[in-house]
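Hi,

Here is the structure I promised to pass on. Have a look at it first, then read my notes underneath.

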Amino acid sequence: MTEARAKELYVVVCAADPAAEVSRLVAMAQEAGWIVQVVATPSALDFIDVPALERQTGRPVRSRYRKPSEPKPPRADAIIVAPATYNTINKFAQGIADTYALGVLAEAPGLGIPVVVLPCVNDALAARTPYRRSVEDLRADGVRVLPGLDWERALAELGD
């Protein structure tokens, strides 16, 4: 009998104030049985405690593409983007992959990887047509875009 492989959850973190609390999401996911890989946008690195997250997950926080000599990381079974900024949501919807985090997100719908996005966007930006269109486009691709920063609900959306 073979042992079941633990599921890999990528937590993509963007540069917004709630990023400082992403360790809570990581802990909740670990309690639910996920192996967590934190992927940060380059700007998010200033918002998170990288050494603490690396200790918590036992993995390096990834923010750049790997070098050819570096091993490939395990593929994600699911992805949560939290907090998701205006910029990341719009680029994700357009398929722009100009950072490692966006590259991971750009491929996910095509690979059938479930993605849950928790926007952290102010009212003025959320009212803009490009943002509303991006949310619509992501949902059309099967991406779950949820209101607020409800990390419990995001994990529940992924099931077990």
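Below is what turned up, starting with the overall fold and ending with the pockets.

Before that, some ground rules. This is a predicted model, so to read it: local features need pLDDT of at least 70, side-chain atom pairs count only at pLDDT 80 or more, and totals for chains, interfaces and linings use all residues. Residues are numbered from 1 along each chain as its sequence is written, and side-chain values use heavy atoms, with hydrogens and water left out.

**Overall fold**

The chain has 7 helices and 5 strands. Helices (H or I, at least four residues) and strands (E, at least two) are DSSP runs, numbered from the N terminus. Going along the sequence, the pattern reads β-α-β-α-β-α-α-β-α-α-β-α.

As for size, the C-alpha atoms fill a box of roughly 50 × 35 × 35 Å along the principal axes. The radius of gyration of the chain is 15 Å, which agrees with the value near 15 Å for a compact globule of 160 residues. That radius is taken over C-alpha atoms, and the globule rule is 2.2 Å times the number of residues to the power 0.38.

Of the 160 residues, 43% are buried. Buried means under 20% relative accessible area, exposed means over 50%, and partly exposed is in between (1.4 Å probe, protein chains only).

**Cysteines**

How many disulfides are there? The count is 0, where a disulfide is a pair of cysteine sulfur atoms within 2.5 Å. Cysteine 14 has no bond because the closest cysteine sulfur, in cysteine 120, is 9.2 Å away, which is too far. Cysteine 120 is likewise in no disulfide. Their surroundings are worth a look too: cysteine 14 is buried, at 0% relative accessible area, whereas cysteine 120 counts as partly exposed at 27%.

**Salt bridges**

The search of the whole structure gave 5 salt bridges. A salt bridge here is a side-chain nitrogen of Lys or Arg within 4 Å of a carboxyl oxygen of Asp or Glu.

Start with glutamate 8 and arginine 59, whose closest N and O atoms are 2.6 Å apart. This pair links distant parts of the chain, 51 residues apart: glutamate 8 is in strand E1 (residues 8–13), while arginine 59 is in the loop between helix H2 (50–57) and strand E3 (78–84). Both glutamate 8 and arginine 59 are buried.

Next, arginine 64 pairs with glutamate 70, with 2.9 Å between the closest N and O atoms. Arginine 64 is partly exposed at 42% relative accessibility, and glutamate 70 is partly exposed at 24%.

There is also a network: Arg144, Arg153 and Glu157 are joined by salt bridges that share partners.

Then comes aspartate 98, which meets lysine 91 in a salt bridge (2.7 Å, N to O). Aspartate 98 sits in the loop between helix H3 (86–94) and H4. Is aspartate 98 buried or partly exposed? With a relative accessible area of 47%, aspartate 98 is partly exposed. From aspartate 98 to valine 61 is 18 Å, C-alpha to C-alpha, and 37 residues in sequence.

**A spot on helix H6**

Glutamate 136 lies in helix H6 (residues 129–140). With 58% relative accessibility, glutamate 136 counts as exposed. The C-alpha atoms of glutamate 136 and alanine 93 are 8.8 Å apart, with the two positions 43 residues apart along the chain.

**Pockets**

Pockets were found on a 1 Å grid over the protein atoms alone: a pocket is an open set of points where a 1.4 Å probe fits, with protein on both sides within 12 Å along at least five of seven lines, and lining residues have an atom within 4 Å of a point. Grid points are joined across faces, edges and corners, and a volume is the space filled by probe spheres set on the points.

The largest pocket holds about 290 Å³ of space. It is lined by 16 residues, and the closest to its centre are Tyr10, Pro73, Tyr100, Val104 and Glu107. Helix H4 (residues 100–111) gives the largest share of this lining, 6 residues. By type, the lining has 11 nonpolar, 1 polar and 4 charged residues. Ala, Val, Leu, Ile, Met, Phe, Trp, Tyr, Cys and Pro count as nonpolar, Asp, Glu, Lys and Arg as charged, and the others, Gly among them, as polar.

The second largest pocket has a volume of about 220 Å³. Its lining has 13 residues, and Pro60, Arg62, Arg66, Glu70 and Pro71 are the closest to its centre. This lining divides into 5 nonpolar, 2 polar and 6 charged residues.

Cheers
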